[in-house]
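Student: I would like to learn how to read the features of a protein model one after another, with the cut-offs behind each term stated as we go. Could we work through an example together?

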Amino acid sequence: MYNSLTNILNYKLSALHSGNYLIKVISIGVRRPNEHYTKEYFVSVKYQVADLLNPKRKFGVIVSGMGAKPIELNVERELHPTNYFTWESFDEVLFDRLSRTQKSINEEGYYKKDRDTGRVVA
């Protein structure tokens, strides 16, 4: 089930055409129930961020919410938050979280600039 969901999510994220940085879902873990609240469960979702224009690139843009350094490309990362609720459609909520992350990388991300010259530092 999760393998086909992974393929569907990757297709939908690619179809967004939100920029040259693309999120690719690597794996979706199993549901783990919350011990204290029965209407909530946790799922680990692993993904990678890739640059479509330069697939061999190691670092990308700086994005608020993902640290002060440029994001590492083609490295496995975990989607946060990991909690979901039983009344939500897991597929829709997961796609919404992934698409918001992809859009923020492409729209809010910026390259580091030299303080003196104002040029982008490679």
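The dialogue below goes through the fold, the sheets, some single residues and a pocket.

Student: What kind of model is this, and how are its residues numbered?

Tutor: This is a predicted model, in which local features need pLDDT of at least 70 and side-chain atom pairs count only at pLDDT 80 or more, while totals for chains, interfaces and linings use all residues. Residues are numbered from 1 along each chain as its sequence is written, and side-chain values use heavy atoms, with hydrogens and water left out.

Student: How many helices and strands does the protein chain have, and in what order do the elements run?

Tutor: Helices (H or I, at least four residues) and strands (E, at least two) are DSSP runs, numbered from the N terminus. Here the protein chain has two helices and six strands, and from the N terminus on they run α-β-β-β-β-β-β-α. Its C-alpha atoms fill a box of roughly 55 × 30 × 20 Å along the principal axes.

Student: How should I read the order of an open sheet, starting with the one that contains strand 4?

Tutor: Two strands pair if DSSP finds at least two bridges between them. One open sheet has three strands in the order 1-4-5, with antiparallel pairing. Strand 1 (21-28) and strand 5 (77-78) are at the edges with a single partner strand each, so one side of each is left without a neighbour in the sheet. Strand 4 (residues 45-51) pairs with strand 5 in the antiparallel sense over two bridges, and E78 in strand 5 is the bridge partner of K46. Helix 2 packs on this sheet, touching strand 1 and strand 4 (contact means heavy atoms within 4.5 Å), and its direction makes about 145° with that of strand 1. For such angles, axes are lines fitted to C-alpha atoms, for helices over the stretch in contact, and the values run from 0 to 180 degrees between N-to-C directions.

Student: What surrounds K46, and is this residue buried or exposed?

Tutor: Buried means under 20% relative accessible area, exposed over 50%, and partly exposed in between, with a 1.4 Å probe and protein chains only. K46, at 26% relative accessibility, counts as partly exposed. Leaving out residues up to four places away in sequence, K46 touches V25, I26, S27, E76, R77 and E78. K46 and E78 are 32 residues apart along the chain, yet their C-alpha atoms are separated by 4.6 Å.

Student: What is the strand order of the other open sheet, and where does helix 2 lie on it?

Tutor: That open sheet also has three strands, in the order 2-3-6, and its pairing is antiparallel. Strand 2 (32-33) and strand 6 stand at the edges, each with a single partner strand, so one side of each has no neighbour in the sheet. Strand 2 and strand 3 (residues 40-42) pair over two bridges, with R32 opposite F42 in strand 3. Helix 2 lies across strand 3 and strand 6, running at about 140° to strand 6.

Student: Which residues does L73 touch, and is L73 buried or exposed?

Tutor: L73 lies in the loop between strand 4 and strand 5 and, at 5% relative accessibility, counts as buried. Not counting residues up to four places away in sequence, L73 touches Y21, V49, D51, R57, K58, F59 and G60. In the protein chain as a whole, buried residues make up 34% of the 122 residues.

Student: What should I look for in the backbone angles?

Tutor: Most residues other than glycine have a negative phi, and most peptide bonds are trans. H17, in the loop between helix 1 (2-15) and strand 1, has a positive phi of about 50° and is exposed, with a relative accessible area of 69%. N74, in the loop between strand 4 and strand 5, has a phi near 60° and is partly exposed at 34%. A cis peptide bond, with omega about 0°, joins H80 and P81; P81 sits in the loop between strand 5 and strand 6 (83-85).

Student: Which residues lie nearest the centre of the largest pocket?

Tutor: On a 1 Å grid over the protein atoms alone, a pocket is an open set of points where a 1.4 Å probe fits, with protein on both sides within 12 Å along at least five of seven lines, and lining residues have an atom within 4 Å of a point. The largest pocket is lined by 13 residues, of which L79, H80, R97, T101 and S104 lie nearest its centre. Helix 2 (residues 90-108) gives the largest share of that lining, four residues.
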